[in-house]
Amino acid sequence: MAAASPALSASSDSGAGVDARAARPSATGARPELRFAEGQRVTARVGEDDWQAGTVVGLWYSEEDWPATEVAPYKIALDDGPDIYAPLDDDLVVRAAKDE
């Protein structure tokens with residue numbers, strides 16, 4: 001299986017998003033609540049001004065060669081492209097899909 005590519009991310013001053021480093025489990029093993037569920041339709045940022053529609057196909061995504069503490073909040077199957085991961089749970093990177 002091919003590795004997923006990252007969605008384009010930008011830093012956010014809002015502090016509202018969950019980034020991969022903040023998404024580590026706490027001492028109790030709990031992770032922050034995510035905005036989207038598996039199977040939910042989203043739009044992911046894949047370029048400076050380029051967004052593509054897709055479906056969330058995984059939560060708390062990681063790859064074999066990543067450190068155990070590194071995860072991405074979402075793995076997304078793009079409608080017209082490869083699988084990607086969203087490194088942030090933030091509207092700068094991934095948004096709820098508008099009615100199609």
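# Close-up views of an all-strand chain

**Figure 1. Strands β5 and β6 pair in the antiparallel sense, with four bridges between them.** The model shown in this and the other figures is predicted. β5 and β6 make a hairpin, and four residues lie between the two strands. One bridge can be followed by name: tyrosine 74 has alanine 86 in β6 as its partner.

**Figure 2. The whole protein chain has eight strands and zero helices.** From start to end, the order of elements reads β-β-β-β-β-β-β-β. The protein chain has 100 residues, and 35% of them count as buried. Its exposed surface comes to about 6,000 Å², with 48% of this supplied by carbon and sulfur atoms. Contacts in the protein chain between residues at least 6 apart in sequence were also sorted by separation: 56% of them join residues at least 24 apart.

**Figure 3. The largest nonpolar core holds 15 residues.** Which residues touch the most other members of this core? They are Phe36, Val42, Tyr74, Ile76, Ala86 and Val94. At least two core residues come from each of the strands β3 (41–47), β4 (50–61), β5 (72–78) and β6 (83–86). β5 gives the largest share, three residues. In soluble globular proteins, nonpolar side chains tend to be buried together.

**Figure 4. Strand β3 is mostly covered, with five of its seven residues buried.** β3 pairs with β4 in the antiparallel sense, over six bridges. A hairpin of two residues leads from β3 to β4. Across this pairing, arginine 45 is opposite tryptophan 51 in β4. β3 is also joined to strand β8 (residues 94–96), by three bridges, and these two strands run antiparallel as well. Here valine 42 is opposite alanine 96 in β8. In a regular strand the side chains alternate between the two faces of the sheet.

**Figure 5. Valine 42 is a residue of strand β3.** Is valine 42 buried or exposed? Its relative accessibility is 0%, so valine 42 counts as buried. Leaving aside residues up to four places away in sequence, valine 42 touches Phe36, Gln52, Ala53, Gly54, Val56, Ile76, Val94, Arg95, Ala96 and Ala97. One of these contacts shows how the fold brings separate parts of the sequence together: valine 42 and arginine 95 are 53 residues apart in sequence, but their C-alpha atoms are 5.6 Å apart in space.

**Figure 6. Phenylalanine 36 and tyrosine 74 form one of four aromatic pairs.** A pair of aromatic rings is described by the distance of the centres and the angle of the planes. For phenylalanine 36 and tyrosine 74 the ring centres are 5.6 Å apart and the planes are at 50 degrees, so the pair is tilted. The pair links distant parts of the chain, with the two positions 38 residues apart in sequence numbering: phenylalanine 36 is in the loop between β2 (18–19) and β3, and tyrosine 74 is in strand β5. Both phenylalanine 36 and tyrosine 74 are buried.

**Figure 7. Tryptophan 66 and tyrosine 85 form an edge-to-face pair.** Their ring centres are 5.0 Å apart and their planes are at 75 degrees; an angle over 60 counts as edge-to-face. Tryptophan 66 is in the loop between β4 and β5, while tyrosine 85 is in strand β6, 19 residues apart. Tyrosine 85 has a relative accessibility of 15% and therefore counts as buried. Together with Tyr61, the residues Trp66 and Tyr85 form one aromatic cluster.

**Figure 8. The charged end of arginine 95 sits over the ring of tryptophan 51.** The charged end is 3.9 Å from the centre of the ring. Tryptophan 51 is also the residue opposite arginine 45, and belongs to β4.

**Figure 9. Tryptophan 60 has a positive phi, about 55 degrees, and is not a glycine.** Most residues other than glycine have a negative phi, and most peptide bonds are trans. Tryptophan 60 is in strand β4. Why does tryptophan 60 count as buried? Its relative accessible area is 19%, and buried means under 20%, so tryptophan 60 falls on the buried side of the cut-off.

Terms used:
Residues are numbered from 1 along each chain as its sequence is written. This is a predicted model: local features need pLDDT of at least 70, side-chain atom pairs count only at pLDDT 80 or more; totals for chains, interfaces and linings use all residues. Side-chain values use heavy atoms; hydrogens and water are left out. Buried means under 20% relative accessible area, exposed over 50%, partly exposed in between (1.4 Å probe, protein chains only). Contact means heavy atoms within 4.5 Å. Accessible areas come from the Shrake-Rupley method with a 1.4 Å probe; for residues, only the protein chains shown count as cover. A nonpolar core is a set of buried Ala, Val, Leu, Ile, Met, Phe, Trp, Tyr and Cys residues joined through side-chain atoms within 4.5 Å. Two strands pair if DSSP finds at least two bridges between them. Rings of Phe, Tyr and Trp (its six-membered ring) pair if their centres lie within 6.5 Å; planes under 30 degrees apart count as stacked, over 60 as edge-to-face and the rest as tilted. A charge sits over a ring if NZ of Lys or CZ of Arg is within 6 Å of the ring centre and within 35 degrees of the ring normal.
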